[in-house]
Amino acid sequence: MTIANQPSDFERGDRLQPTGWMRYLSFSLDHKVIGIQYLICGFIFYLIGGTLASAIRIELTSPISDFMARDVYNQVLTLHGTIMIFLWIVPVVNGAFGNYLIPFYVGARDMAFPRLNAVAFWLIPPAGLMLISSYFITGAAESGWTAYPPLSINTPAAGQIIWILSVLLLGGSSIFGGINFIATILKLRRPGLKLMQLPMYCWAMLGTSILVVLSTPVLAGTLILLSFDIVAHTGFFNPVLGGNVVVYQHLFWFYSHPAVYIMVLPAFGLVSEILPVHSRKPLFGYTTMVYSIMAIVILGFVVWAHHMFTSGTPPWMRLFFTIATSFIAVPTGIKFFNWVATLWGGRISLNAAVLFSCGFIVNFVLGGITGVALAQVPFDVHVHDTYFVVAHFHYIVYGGSVFVIFSSIYHWYPKFTGRMLNEQLGRIHFFLTFIGFNLCFAPQHWLGLNGMPRRVAEYDPQFALINQISSVGALLMALSTIPFIWNTIQSAFNGQIAGDNPWEALTPEWLTSSPPPVENWRGQAPLVTAPYGYGARKKEEEDAESTDTNNQGN
Amino acid sequence: MQEIPCTARLISKYLSALTIPTGCKGLFSITLKGQWSFVVPTSSAIFNLLIALFVLIGGLWIGQNVNLLPLDASVNATVYDQLFKVLFSIGTVLFLGIVVLVVLSLIKFRRKPGQTGDGLPIEGNLTLEIFWTAVPAIVILFVGLYSYDIYDRMGGMATLPNNGHEHLSMSKEERIWGGIGSSEVSSAANKGLTAIPINVTAMQFAFLFHYPEGEIISGELHVPVGQPVNMRMESKDVIHAFWVPEFRLKQDVIPGQPTILSFTPTKTGRFPIICAELCGPYHGGMRSTVVVEEPENYQSWFQKNAKTPISET
């Protein structure tokens, strides 16, 4: 706890921390090492989850079930969903960038609880390995990432139990991380730094961590009850024993809807860091951005039943959740308009980081619009559990969060490694990903509207052509990772030397060397009270020229 | 839909106000000196107005003329398609608007070779922020009220028959969960039409349709055109969902908790019944057919199969 306020002690630090590349395989307590561990571990799981996605798209190139056995297909889609959510997006947008950036942003030398932090990370690889190995040992869970009973109770128990155990471990990791972020942001701020002076990512992580800490225990409790139903033949959710299957859905979505915000709110925060730097303008509307994050957090808790409009919910409940869900669009909309206003009038460097962030804006707006449509009960009763929903949430979590992850890697790679990424390869990566993604998922809206349900291995032959187009898009997405992987590996050794602050950014992580020393700064942490003070010089000049410009740009 | 043209005017006004001619350093201060709303229109303001008009008209045109939906074959489907058109139009306008704004700013405000220095130090603008909080809020309110109206017309707000005074065969302890379209039945009853009661049983991996009036059990759903149908659905094993895309209706079929679904078919034909909730390995193959027939054809099918508890398929 007191590390942050002590003068740095490099000798002690060097003695405690392993050095060299080996530290990334160690139980390091350095928040930067843990951040990179999260990132690389998450990316490996992304490649595994992506391979599973490719298998799904190969199966769906023909309308009959011919590529893999039907139960294997269900295992693959369950693993794909679970891996992408719990082992890639949640750990990376929260754990990786949160650990790396939050201590810098609050002016601390590490997180509030460094050991808890390392424990939180080291829960992830065993949980992930356990989940994946269940496929080879007994057959993985095959009831989807939602694990609705009674299907999850009726399917082979071993795979389902391993699935529950690994999700519980990952949930635990998430809660440890959330507690750590809240404590760090609220308690480890450098003296003199006010909450409303923090970079936007801190606010996003504060909101996200509140969601994590309040909702993940509900998922944990639900899954423990489900495991009792499977192992001890209790009847919480088993209708044969008088259980109620709809109650499980309420409990599950009480976590899993906030989980969507756990995946996108940090992404919102990261975009708010990236756009001002590269458009050389202050973040537009800081205060409204903060309030809209908090509004999303509060509303995020009261929208879960919109996943259950066809499940058997009373009419008043459907209406309430329709209204609550629709109104999330208002604070979200504010953020998007503010980002566009941040771009507008800037001096935008059209690099890969900006391209991915703008790709995120475009994709997420489409996902948000279909989201508002899906919130309307009469609209949802037609497209619920169809490919329309598949398209919608991939626009949110891939077009949204994953685009931001890539944008953030292009933005912070120079800080992580001290070297620049190759810009040409970055643009190729962007265009392949953007075209492939939209080719893959945009046609799926039509599929859902016209009668293709989700999670099927076989479908009406009239949908074959559109599915093949979608699979071509998936192939492009798979190919797009090749320039990215090549770029990140070879730039780490041969990339152009970045220097401390290649983007001339003002946020605190750039005010130290690249890569930063163990306790972040040699000497006192800088006090950054205006993290988005771009354009200030010009403002002063203009103030000198004319006195009446102030009413525009305060 | 009234607020949309008005919104476009405001957007174009703000667009022109925000426009800063790039490349001419001297013009920065001139543009900045004016109030947001009193900027003299320049050629680029006209350009922006044209783009806003293009987005608005193009979006509305796409929303009204591009059909993404299958055939509409029930009373519900017609109502649904109206809602879809409105949502699709608003969504297309908003989406095109944001895309155009992003692409325009990337083109107009990209850093040209040799350019140095920062953008404008604008940290926010209260009027603008209130504007783009209010506009989505109004649009959302409009969409919400409209979809409530649609929902009501579909019968979603009708009270569920939970107090044991309905015509469905069920014990008093049973509680009916959810369902849509239940008020169609009562409105049809007012016109002198009686709803056909059908009991649906879902199991891995088939639907069974039981007609209590004729003791028919069928694997295919036969219904006459124009007459309301009232289905009481229950699952034998896991959760399934009854979905007919042409009817725009879906309802989960849940073990232990009966659900109801009512609809009135309006077109004859054979439409797919699809299970829409993951129910096991053969989930993708769990399909059946609803045959909507002329009343006389339905009657002959009914007479032929009545009192014979053998599945006809």
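How many salt bridges does a search of the whole structure find over all chains? The count is 11. The model is predicted. This briefing covers a kinked helix in chain A, centred on A:Pro91, an open sheet of 5 strands in chain B, and three of the salt bridges.

**Helix H3 of chain A**

- H3(A) runs over residues 70-106, which makes 37 residues.
- At 1.5 Å a residue, H3(A) should span 54 Å, and its end C-alpha atoms lie 51 Å apart, which agrees.
- A kink of about 55° sits in H3(A), with A:Pro91 at its centre.
- Most of H3(A) is covered, with 34 of its 37 residues buried.
- A:Gly107 comes just after H3(A) and adopts a positive phi of about 80°.

**The sheet in chain B**

- The strand order is S3-S2-S1-S5-S8, the sheet is open, and the pairing is mixed.
- S3(B), residues 216-218, and S8(B), residues 259-263, are the edge strands, each pairing on one side only.
- From one strand to the next, the twist averages 25°.
- S1(B), residues 196-203, pairs with S5(B), residues 229-235, in the parallel sense over 7 bridges.
- Opposite B:Val200 stands B:Met233 of S5(B).
- Helix H7(B), residues 295-305, packs on the sheet and touches S1, S2 and S3 of chain B.
- The direction of H7(B) makes about 110° with that of S3(B).

**Salt bridge in helix H15 of chain A**

- A:Glu423 and A:Arg427 meet through their side chains in a salt bridge, at 3.6 Å from N to O.
- Both residues belong to H15(A), residues 423-450, and they are 4 residues apart, so about one helical turn separates them.
- An α-helix has 3.6 residues a turn, so residues three or four places apart point the same way.
- A:Glu423 is partly exposed at 26% relative accessible area, and A:Arg427 is partly exposed at 32%.

**Salt bridges in chain B**

- B:Arg270 and B:Glu220 form a salt bridge, with their closest N and O atoms 2.8 Å apart.
- B:Arg270 lies in strand S9(B), and B:Glu220 lies in the loop between S3 and S4 of chain B, so the pair ties together parts 50 residues apart in sequence.
- B:Arg270 counts as exposed at 54% relative accessibility, whereas B:Glu220 is buried at 14%.
- B:Glu234 and B:Arg232 form a salt bridge, with the closest N and O atoms 3.7 Å apart.
- B:Glu234 is partly exposed at 22% relative accessibility, while B:Arg232 is buried with a relative accessible area of 10%.

Definitions and conventions:
Residues are numbered from 1 along each chain as its sequence is written. Chains are lettered from A and ligands numbered from 1 in the order in which they are written. This is a predicted model: local features need pLDDT of at least 70, side-chain atom pairs count only at pLDDT 80 or more; totals for chains, interfaces and linings use all residues. Side-chain values use heavy atoms; hydrogens and water are left out. Helices (H or I, at least four residues) and strands (E, at least two) are DSSP runs, numbered from the N terminus. The expected span of a helix is 1.5 Å times one less than its number of residues. The bend at a residue is the angle between axes fitted to the seven residues ending there and the seven starting there. Buried means under 20% relative accessible area, exposed over 50%, partly exposed in between (1.4 Å probe, protein chains only). Two strands pair if DSSP finds at least two bridges between them. Axes are lines fitted to C-alpha atoms, for helices over the stretch in contact, and angles run from 0 to 180 degrees between N-to-C directions. Contact means heavy atoms within 4.5 Å. A salt bridge is a side-chain nitrogen of Lys or Arg within 4 Å of a carboxyl oxygen of Asp or Glu.
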